[in-house]
Amino acid sequence: MTASKPLRADARRNRARILAAAEEVFAERGPAASTQEVADRAGVAIGTIFRHFPTKRDLLAAIMKELRQRLIDKAEALLADGPPGTAFFDYFTFLVESSARVGTVAGLLADEGTAIQPGEQIAAFTQTFGTLLDAAREAGTVRPDVRLDEVMALVSAATQGALAGSWPDDLRRRTLALLLDALRPR
């Protein structure tokens, strides 16, 4: 597959199905997941996976890239479609709830020896989250003294805690409620 030649419609659909299935399989099974399980879940032949992703590392890297883009797209959609305060808090919650999938894939990439380079996507993610925070502060739904680096540290701590501690749903909801309450004006 060359970068200059666009994929046919059926190949794009297969690629999307493979990535969705792989994300689910790796999140459920971790390093024990096989490419054959991904093929079965996606409803494609194993050769189709290898045409798109010659190695497991290539597949994991593609999943990570797609996950990052979805995080950015979600923030932009929330900002465009709703009240700024709600968008900020909804996004913070979404990030913590999505941490298991992102963390599993990131961990598998690290196990494969693939360094995860934040690059432009993480810069865009931070900028987008900063825009959500600014809008929420201006709307008066977030304390005016809350800074982006503090929010990013809280998100990072909460997502890592939820992932590493395998927090049950109830603990995650209660922890999020406490964190988000601390960001609201008094």
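Me: Which residues in α7 are buried?

Reply: Quick caveat: this is a predicted model, where local features need pLDDT of at least 70, side-chain atom pairs count only at pLDDT 80 or more, and totals for chains, interfaces and linings use all residues. Numbering runs from 1 along each chain as its sequence is written, and side-chain values use heavy atoms, leaving out hydrogens and water. Buried means under 20% relative accessible area (1.4 Å probe, protein chains only), and helices are DSSP runs (H or I, at least four residues) numbered from the N terminus. In α7 that gives V151, V155, A158, T159, G161 and A162.

Me: Why do the buried residues of α7 count as on the same side?

Reply: An α-helix has 3.6 residues a turn, so residues three or four places apart point the same way. The arc is taken from the directions from the helix axis to the C-beta atoms. The buried residues of α7 sit on the same side because their arc around the axis is only 160 degrees.

Me: The rings of F88 and F89 make what kind of pair?

Reply: Phe, Tyr and Trp rings (six-membered ring for Trp) pair if their centres lie within 6.5 Å; planes under 30 degrees apart are stacked, over 60 edge-to-face, the rest tilted. F88 and F89 have ring centres 5.2 Å apart and planes at 80 degrees, so the pair is edge-to-face.

Me: Which charged end sits over the ring of F89?

Reply: The test is NZ of Lys or CZ of Arg within 6 Å of the ring centre and within 35 degrees of the ring normal. At 3.9 Å from the centre of the F89 ring, the charged end belongs to R184.

How values were computed. Buried means under 20% relative accessible area, exposed over 50%, partly exposed in between (1.4 Å probe, protein chains only). Helices (H or I, at least four residues) and strands (E, at least two) are DSSP runs, numbered from the N terminus.
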